Amino acid sequence: AKALTIEPVNILRSSGKKYDLYAKLKNDNPKWWAEFDYYFTAAGKQTAKTQGYILPEEIKYLAALAEDFSYSPEDGRLVIENLSWHRVNQHEIPDWNAYRAGHLNIESADVKFIPANANPLSEKLGLNQLSFNTINHTAYNYWNVGFVILLYTGDQVTAINHYVLNDFMSGQKRLVEISWPGDLGRSDRVEIIPEINIMKDDIYIPYEGGVGQPSGSE
């Protein structure tokens, strides 16, 4: 397996003395995926160690959100440890692209971002509002689906967040509403990336009697 590509760490002010650290990670291997531990360091501080993964040919955003610093840190570094590579079993998954598309076909629609300064009450509380509908177009029921959320001004990422949706059933449409603190200002575009480790067996809610039916349903 070729080594992962790690881009420089970006640091964004969240609110008050809290900052968000993130880095883009890329896996150029078409037949290998990886598991690892990671953390960030900045201004002499280390964030909590977190378990991560990256799928074949995936671009992924790793983040540590709302970290406290007394001043804006500029020396952020991403540290990856305990990297473990796994080869995709081509007998079980002969077409990785089709497998990935079938398992990650989760749509985000009706995305609406309202900055805090657009509403007097929200501005007083310092809360921005994000809402979107997400639709599970896959044939699978998932215990948890993570979403990495990026705000852009032009081509520049101006804010990052993470949200987890529980018990997301096949064919289901769910409304997600998030109150997002910070002086984020106007956003030109919102990117919402679903995250599921589709190489694990314990991500699925068991079902009987057909697609989208939880175990025990008739």
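**Lysine 18 and its partner**

I began with lysine 18, which I found to be partly exposed, with a relative accessible area of 30%. The model I am reading is a predicted one, and I keep that in mind for every value below. Lysine 18 forms a salt bridge with aspartate 68, and I noted 3.0 Å between the closest N and O atoms. Because aspartate 68 lies in strand 7 (residues 59-68) and lysine 18 in strand 3 (residues 18-26), the pair ties together parts that are 50 residues apart in sequence. Aspartate 68 is likewise on my list as partly exposed, at a relative accessible area of 44%.

**Other salt bridges**

I then asked how many salt bridges the structure holds. I recorded eight, and I looked up some of them one by one. As a general reminder to myself, side chains of opposite charge can pair when their charged atoms come close.

The side chains of lysine 49 and glutamate 81 meet in one of these salt bridges, with 2.8 Å from N to O. I placed glutamate 81 in strand 8 (residues 77-87) and lysine 49 in the loop between strand 5 (45-46) and strand 6 (50-54), so this pair ties together parts that are 32 residues apart in sequence. On accessibility, glutamate 81 counts as partly exposed at 26%, and lysine 49 is partly exposed with a relative accessible area of 48%.

Next I turned to arginine 186, which forms a salt bridge with aspartate 188, the closest N and O atoms being 2.1 Å apart. I asked whether arginine 186 is buried or exposed. At 56% relative accessibility arginine 186 counts as exposed, since the cut-off for that class is over 50%. Aspartate 188, at 45%, counts as partly exposed.

I also wrote down a network of salt bridges that links Glu58, Lys60 and Glu195.

**The sheet of strands 12, 11 and 14**

I followed the strands of one open sheet and found three of them, in the order 12-11-14, with antiparallel pairing. Strand 12 (156-168) and strand 14 (189-195) stand at the edges with a single partner strand each, so one side of each is left without a neighbour in the sheet. I noted that neighbouring strands of this sheet are turned by 20 degrees against each other on average, direction ignored.

For the pairing of strand 11 (residues 142-153) with strand 14, I recorded seven bridges, the two strands running antiparallel. Which residue in strand 14 is the bridge partner of isoleucine 149? I found that the partner is isoleucine 192.

**Positive phi values**

My last check was on backbone angles, bearing in mind that most residues other than glycine have a negative phi. Aspartate 167 has a positive phi of about 50 degrees although it is not a glycine, and I located aspartate 167 in strand 12, which is one of the edge strands of the sheet described above. Aspartate 167 is partly exposed, with a relative accessible area of 40%.

Asparagine 82 also went into the notebook, as a residue other than glycine whose phi is positive, near 50 degrees. Its place is in strand 8, the strand in which I had already put glutamate 81. Asparagine 82 is exposed, with a relative accessible area of 55%.

Note on methods: Residues are numbered from 1 along each chain as its sequence is written. This is a predicted model: local features need pLDDT of at least 70, side-chain atom pairs count only at pLDDT 80 or more; totals for chains, interfaces and linings use all residues. Side-chain values use heavy atoms; hydrogens and water are left out. Two strands pair if DSSP finds at least two bridges between them. Helices (H or I, at least four residues) and strands (E, at least two) are DSSP runs, numbered from the N terminus. Axes are lines fitted to C-alpha atoms, for helices over the stretch in contact, and angles run from 0 to 180 degrees between N-to-C directions. A salt bridge is a side-chain nitrogen of Lys or Arg within 4 Å of a carboxyl oxygen of Asp or Glu. Buried means under 20% relative accessible area, exposed over 50%, partly exposed in between (1.4 Å probe, protein chains only).
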